[in-house]
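Got the viewer open? Keep the selection box handy, and we'll walk through this one stop at a time.

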Amino acid sequence: MRQLSKEMKPVSYYIKNGSLSVLLLNIILLISAQNTNAQKDITNEDYNAFSVEAHVKNMHLWHGGVVHSGAMIATSLEYNSKNKKFTFGLWGGASFSSIDVNNTTTGETESAFYKEVSIYTKYRFSDRFFIEAVSHNNYTGVEERGDELKFWSYDKTQGYNFVDVSFGYNVTPNTLLYLATIINGGSGDYEVQADGSLKNSWTHYFEVNSKVWEKGDANLSLFAGGAWSFTTDKTFYTESAANIINVGATLNKDIKIGNYNLPIGVTAMWNPEQEKTVLQLDLTLF
């Protein structure tokens, strides 16, 4: 095992010095070394440590909200341990269409394309239970509105970087219970108090997702999700109080185009609070 302990410094050192990438690299190397030591007896000639995916979607949905209303491409790069317990990855999204952003300095309207590069890691304790952490870095329109782009900044008032930690548990092979919590008021997840101070909401999002039908290469899943906070009335997802925000269904099916297999997913989503209903088409290119 590679010895890293003498090189590692406290996490606060990396945050203060803007070197979170160095910290992440150290963590990856440490976990990789531990996985290598734990997997000496595992033999699998088909094992591939890294994988990539690409999706084209007519819009991008997340937890009951429309992140971008136009066509976009999503890509991911993942490392998976040989025992399939640990995952570390990057997820990126970029749009084909732009949105209007108001420049706070000039007052002019600027066009901005949706841009996101998020970092995620997951550990599976068993086939049923996992924990996941995601650093969401959606920097759409940051420079266009006149702000300085700082990818590693997690200033809660900056408005585009935040971290959530989630837990997932499969109560049955077809039904997943999912709970995510936004950490430390990121990206506006706070309530402004009477004295002007900011009180973190620590918003929780809970979803039940269940596959209810399957035939051949097609299946249908139903889902329902809501958000709340134990500390404030306002939450990250709702206007003023806890509410159901994400109800719908997803149909997945493989489409044959000659010798090419094209997986598609169609999601019908209704947000009762916003009275918004949308239909998302997701094509998996590879």
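**Stop 1: a salt bridge to start**

Select Glu144 and Lys115: their side chains meet in a salt bridge, 3.8 Å from N to O (a side-chain nitrogen of Lys or Arg within 4 Å of a carboxyl oxygen of Asp or Glu). This pair links distant parts of the chain, with Glu144 in the loop between strand 7 and strand 8, Lys115 in strand 6, and their positions 29 residues apart. Lys115 counts as partly exposed because its relative accessibility is 23% (buried means under 20% relative accessible area, exposed over 50%, partly exposed in between, using a 1.4 Å probe and protein chains only).

Before moving on, some housekeeping. Residues are numbered from 1 along each chain as its sequence is written. This is a predicted model, where local features need pLDDT of at least 70, side-chain atom pairs count only at pLDDT 80 or more, and totals for chains, interfaces and linings use all residues, while side-chain values use heavy atoms, with hydrogens and water left out.

**Stop 2: zoom out**

Now show the whole chain as a cartoon. How many helices and strands are there in the protein chain? There are 2 helices and 16 strands (DSSP runs numbered from the N terminus: H or I of at least four residues for helices, E of at least two for strands). A closed barrel of 12 strands runs 1-4-5-6-7-8-9-12-13-14-15-16, with antiparallel pairing (two strands pair if DSSP finds at least two bridges between them). From one strand to the next, the twist averages 20° (axes are lines fitted to C-alpha atoms, for helices over the stretch in contact, and angles run from 0 to 180 degrees between N-to-C directions).

Some totals while you're out here: 37% of the 286 residues count as buried. The accessible surface comes to about 16300 Å², and 56% of it belongs to carbon and sulfur atoms (Shrake-Rupley method with a 1.4 Å probe; for residues, only the protein chains shown count as cover). Take the contacts between residues at least 6 apart in sequence, and 50% of them join residues at least 24 apart (contact means heavy atoms within 4.5 Å).

**Stop 3: along the barrel wall**

Select 50–57, which is strand 1, and then residues 72–80 for strand 4: the two pair in the antiparallel sense over 8 bridges. Click Ala54, and its bridge partner in strand 4 is Thr75.

Next, pick Thr87, which sits in strand 5 (residues 86–102). Is Thr87 buried or exposed? Thr87 counts as buried because its relative accessible area is 2%. Setting aside neighbours within four places in sequence, Thr87 contacts Glu78, Tyr79, Asn80, Tyr120, Thr121, Lys122 and Arg124.

Thr121 is a handy stepping stone, since its bridge partner in strand 7 is Ala133. Strand 6 (residues 109–124) and strand 7 (residues 129–137) pair antiparallel over 6 bridges, and the two form a hairpin with 4 residues between them. Carry on to strand 8 (residues 161–172), which pairs with strand 7 in the antiparallel sense over 9 bridges. There, His136 has Phe162 as its bridge partner.

**Stop 4: the loop between strand 7 and strand 8**

Select Ser153, in the loop between strand 7 and strand 8. Ser153 counts as buried because its relative accessibility is 17%. Not counting residues up to four places away in sequence, Ser153 touches Gln158 and Asn161. Try a C-alpha distance from Ser153 to Asn137: the separation is 9.5 Å, for residues 16 apart along the chain.

**Stop 5: back to the charges**

A search of the whole structure finds 4 salt bridges. One of them joins Lys211 and Glu214 at 3.3 Å, N to O. Another is Asp217 with Lys253, whose closest N and O atoms are 3.4 Å apart. Asp217 lies in the loop between strand 12 (204–215) and strand 13 (218–228) and Lys253 in strand 14, so the pair ties together parts that are 36 residues apart in sequence. Asp217 is partly exposed at 33% relative accessible area, and Lys253 is partly exposed at 34%.

**Last stop: a nonpolar patch**

Switch to a surface view and select Phe50, Val52, Leu77, Leu90, Ile255, Ile257, Tyr260, Leu285 and Phe286: together they form a nonpolar patch with about 830 Å² of accessible area. Patches are made of residues with over 30% relative accessible area and no salt bridge, with like charges joined within 9 Å and nonpolar side chains (Val, Leu, Ile, Met, Phe, Trp, Tyr) within 5 Å. Strand 1 and strand 14 (243–257) each supply at least two of the patch residues. Finish on Leu285, in the segment after strand 16 (276–284); Leu285 counts as partly exposed, at 33% relative accessibility.
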